[in-house]
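Student: Please pick one part of this molecule and take me through it slowly. I'd like to see how that part connects to what lies around it.

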Amino acid sequence: MASEAKTDRPERRRALDQLDASDVLVVTRLARSTRDFLNTLAAITGKQAGFVRSVTRGPTPPRHTAA
């Protein structure tokens with residue numbers, strides 16, 4: 001199970017704190033895991049806001065795989 005320190009992102013927290021009803025949060029990546037996604041989605045819908053995943057993405061950092 002991921003710790004809160006690893007799943008809490010200050011920028012995301014600020015964005016969620018500022019959401020109002022009928023706002024729409026546009027993101028390229030909302031979460032790092034399914035649990036994180038569901039918790040974040042609950043926070044967004046709890047404020048009666050919505051979210052949209054942007055299909056235009058900027059540079060993506062390389063993913064490291066085990067050799």
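**Starting from one residue**

Tutor: Let's begin with D23: leaving aside its neighbours within four places in sequence, D23 is in contact with Q18, A49 and G50. Keep in mind as we go that this is a predicted model. Where does D23 sit? Look in the loop between α2 (10–18) and β1. Is D23 buried or exposed? Neither, really: its relative accessibility is 29%, so D23 counts as partly exposed. You can also check D23 against K47: the two are 24 residues apart in sequence, yet 8.9 Å apart in space, C-alpha to C-alpha.

That kind of pairing fits a wider count. Among the contacts in the protein chain with a separation of 6 or more, 69% are between residues 24 or more positions apart. To find your way around, use the order of the elements: along the sequence the protein chain reads α-α-β-α-β, which gives three helices and two strands.

Now step from the loop into strand β1, which covers residues 24–27. V26 is in this strand, and with 55% relative accessibility V26 counts as exposed. V26 also belongs to a nonpolar patch on the surface, formed with V24 and V52, and together the three have about 260 Å² of accessible area.

From V26, hop across to S54, which lies in the segment after β2. The C-alpha atoms of S54 and V26 are separated by 6.2 Å, although their positions lie 28 residues apart along the chain. Leaving aside neighbours within four places in sequence, S54 is in contact with V26, V27 and T28. S54 is at 18% relative accessibility, so S54 counts as buried; the cut-off for that word is under 20%.

V27 returns the favour. Again leaving aside neighbours within four places in sequence, V27 is in contact with F51, V52, R53 and S54. V27 is also one of the seven residues of the largest nonpolar core, alongside L16, L19, L25, L30, I44 and A49. Remember A49? It's one of the contacts of D23, and here A49 turns up in that core too.

Follow F51 next. What kind of aromatic pair does F51 make with F37? The structure holds one aromatic pair. The ring centres of F37 and F51 are 6.0 Å apart and the planes are at 75°, so the pair is edge-to-face. F37 belongs to helix α3 (residues 34–46) and F51 to strand β2 (residues 50–53), so the pair ties together parts that are 14 residues apart in sequence. As for cover, F37 counts as partly exposed at 29% relative accessibility, and F51 counts as partly exposed at 29% too.

One last stop in helix α3: T40. Its relative accessible area is 4%, so T40 is buried. Setting aside neighbours within four places in sequence, T40 is in contact with R12, L16 and L30. Two of these names, L16 and L30, are in the largest nonpolar core as well.

Zoom out to finish. Buried residues make up 18% of the 67 residues in the protein chain. The protein chain exposes about 5500 Å², with carbon and sulfur atoms supplying 54% of that.

Notes. Residues are numbered from 1 along each chain as its sequence is written. This is a predicted model: local features need pLDDT of at least 70, side-chain atom pairs count only at pLDDT 80 or more; totals for chains, interfaces and linings use all residues. Side-chain values use heavy atoms; hydrogens and water are left out. Helices (H or I, at least four residues) and strands (E, at least two) are DSSP runs, numbered from the N terminus. Buried means under 20% relative accessible area, exposed over 50%, partly exposed in between (1.4 Å probe, protein chains only). Contact means heavy atoms within 4.5 Å. Accessible areas come from the Shrake-Rupley method with a 1.4 Å probe; for residues, only the protein chains shown count as cover. Rings of Phe, Tyr and Trp (its six-membered ring) pair if their centres lie within 6.5 Å; planes under 30 degrees apart count as stacked, over 60 as edge-to-face and the rest as tilted. Patches are made of residues with over 30% relative accessible area and no salt bridge: like charges are joined within 9 Å, nonpolar side chains (Val, Leu, Ile, Met, Phe, Trp, Tyr) within 5 Å. A salt bridge is a side-chain nitrogen of Lys or Arg within 4 Å of a carboxyl oxygen of Asp or Glu. A nonpolar core is a set of buried Ala, Val, Leu, Ile, Met, Phe, Trp, Tyr and Cys residues joined through side-chain atoms within 4.5 Å.
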